[in-house]
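Work through the exercises below with the sequence and the structure at hand. Each task is followed by a solution in steps.

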Amino acid sequence: MAAGYGTLVHELALAGRLGRRLTALSGRGTAIEITTGVDLEISDGPDLLSRTHPARFDVIVACFGVTESATLITEAEWRHALDAFLDAVKQAAAPDTHLFITAIPIVSGIPGLWGRLSRRRANALNVQSALVCGRRSDVTFVLVDPEDPLAPRPTPREAYESWANRIAPQILTSTVLSLSRDLTRRRLEIVDEPERQKALDRLGIVGAPRETKFEQLVVTARNLFQVAGAAIHLIDGDRQWVKASVGMNELDTPRDESICDYTIREPELLVIEDVQTDARFGGLAWTRGVLPVRFYAGYPLESPDGQRIGAVCIVDSSPRSFSESDGAVLRDLALTAQSLIWRAAA
């Protein structure tokens, strides 16, 4: 949760640099979701949480306070708002989700007396944050500015890199994550089907004509992975609707014949290296025949409010393995498709 230039782009600002640092240290792919807003304040935190599904995450990193330090919020008001936010996270997140609160960075762009007052206020609020977070075992307070107050101020790029270097090791050494490669975290989630369908309907994309940009994306997916087919599927009521496809059935499919229906039940990659050996799917009609589907990998697509509405998937007629790096590439393609869907609905 953050606000500022580049925070909605995975490659920029803290989110992208933290993801890359985590991957470099752990050797595992890192999936990051960004939630932000204009003039974000910590009092907005509970509302932001309500727009997503915090139980999906191993870790939540929250960045608040620049606005409050500039408006000279009192220390008591800050403690109250921070406690309310921490309580909201505890209620909404999984029991083992760990929360990191970053210190308020010292903003040097505010001139004169007001700038000096806001910097002093940021330091005072950071002291309060450290005290509040120190009382909770599932919250870590992270300093992000140079320890030497006389040190030259870093550029934004250097600052984000420094923050990522500070936060990533603490994430990996917390009790939340294990570096074991065979660890697979899966949380049981109940899909709110009426809300999920409303989210899909609000996008107004089902039934729209085929679009070149989506067709090009699935062709890219097929070519990248050298598979028989790729598609963008949306789960609409009791059917699977095809937004774009190549090398796959272009007609609607009953939902109970769809693997993508399983993909949207989890907020993560679904890989079936050999469909015919999986008891859930071995009896599906399209796994048999002259060119049966033997391999499937899909990543869920979400609506702006976090409902999983469909998937980008690839299939092949032979069983195959699928690495973590393959999964990261498919995720990037799914995020691209998701962005295109959101723009089309805007």
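**Exercise 1.** Classify Arg280 and its salt-bridge partner Asp278 as buried, partly exposed or exposed.

Solution. The model is predicted. Step 1: the relative accessible area of Arg280 is 43%. Buried requires under 20% and exposed over 50%, so Arg280 is partly exposed. Step 2: Asp278 has a relative accessible area of 18%, so Asp278 is buried. Step 3: the closest N and O atoms of the two residues are 2.9 Å apart, and a salt bridge needs such atoms within 4 Å. Step 4: elsewhere, salt bridges with shared partners join Glu193, Arg196, Arg255, Asp261 and Arg265 into one network. By this rule the count of salt bridges comes to 19.

**Exercise 2.** Find which parts of the chain are linked by the salt bridges of Asp83 with Arg135 and with Arg136.

Solution. Step 1: Arg135 and Asp83 meet through their side chains, N to O, at 3.8 Å. This pair links distant parts of the chain, with Arg135 in the loop between helix 5 and strand 3 and Asp83 in helix 4, 52 residues apart. Step 2: for Arg136 and Asp83, the closest N and O atoms are 3.1 Å apart. Arg136 lies in the loop between helix 5 and strand 3 and Asp83 in helix 4, so this pair ties together parts 53 residues apart in sequence. Step 3: compare accessibility. Arg135 is exposed at 58%, Arg136 is buried at 18%, and Asp83 is partly exposed at 21%.

**Exercise 3.** Describe the surroundings of Glu68, a residue of helix 3 (residues 66-70).

Solution. Step 1: Glu68 is buried but has no salt bridge. The nearest side chain of opposite charge belongs to Arg121, 11 Å away. Step 2: the side chain of Glu68 reaches the backbone nitrogen of Ile42 at 2.7 Å. Step 3: leaving out residues up to four places away in sequence, Glu68 touches Glu41, Ile42, Ile73, Trp78, Arg121 and Leu125.

**Exercise 4.** Which residues have the most contacts inside the largest nonpolar core, and which element gives the largest share of this core?

Solution. Step 1: this core has 44 residues, and those with the most contacts inside it are Leu18, Phe85, Leu99 and Ile101. Step 2: elements giving two or more residues to the core include helix 1 (13-26), helix 4 (75-92), strand 2 (98-102) and helix 5 (112-134). Helix 6 provides the largest share, 8 residues. Step 3: take Leu99 as an example; beyond its neighbours within four places in sequence, its contacts include Ile60, Ala62, Phe85, Leu86 and Val89. Step 4: another core lies apart from this one, with 29 residues, among them Leu200, Ile232, Leu234 and Leu330.

**Exercise 5.** What separates the C-alpha atoms of Ala15 and Ala164?

Solution. Step 1: Ala15 is in helix 1, and at 18% relative accessibility Ala15 counts as buried. Step 2: Ala15 and Ala164 are 149 residues apart along the chain, while their C-alpha atoms are separated by 8.4 Å.

**Exercise 6.** Lay out the open sheet of 6 strands and name its edges.

Solution. Step 1: the strand order is 6-5-4-9-8-7, with antiparallel pairing. Step 2: strand 6 (253-254) and strand 7 (270-272) are the edge strands, each pairing on one side only. Step 3: strand 8 (residues 295-302) and strand 9 (residues 308-316) run antiparallel and are joined by 8 bridges. Step 4: Ala297 stands opposite Ile314 in strand 9.

Terms used. Residues numbered from 1 in each chain as written. Predicted model: local features only at pLDDT ≥ 70, side-chain atom pairs only at ≥ 80, totals over all residues. Heavy atoms only, no water. Buried < 20%, exposed > 50% of the residue type's maximum accessible area, 1.4 Å probe, protein only. Lys, Arg positive; Asp, Glu negative; His and termini not counted. Polar contact = N/O pair within 3.5 Å; in protein donor to acceptor, adjacent residues only side chain to side chain. Contact = heavy atoms within 4.5 Å. Core = buried A, V, L, I, M, F, W, Y, C linked by side-chain atoms within 4.5 Å. Helix = DSSP H or I, 4+ residues; strand = E, 2+ residues; numbered from the N terminus. Pairing = 2+ DSSP bridges.
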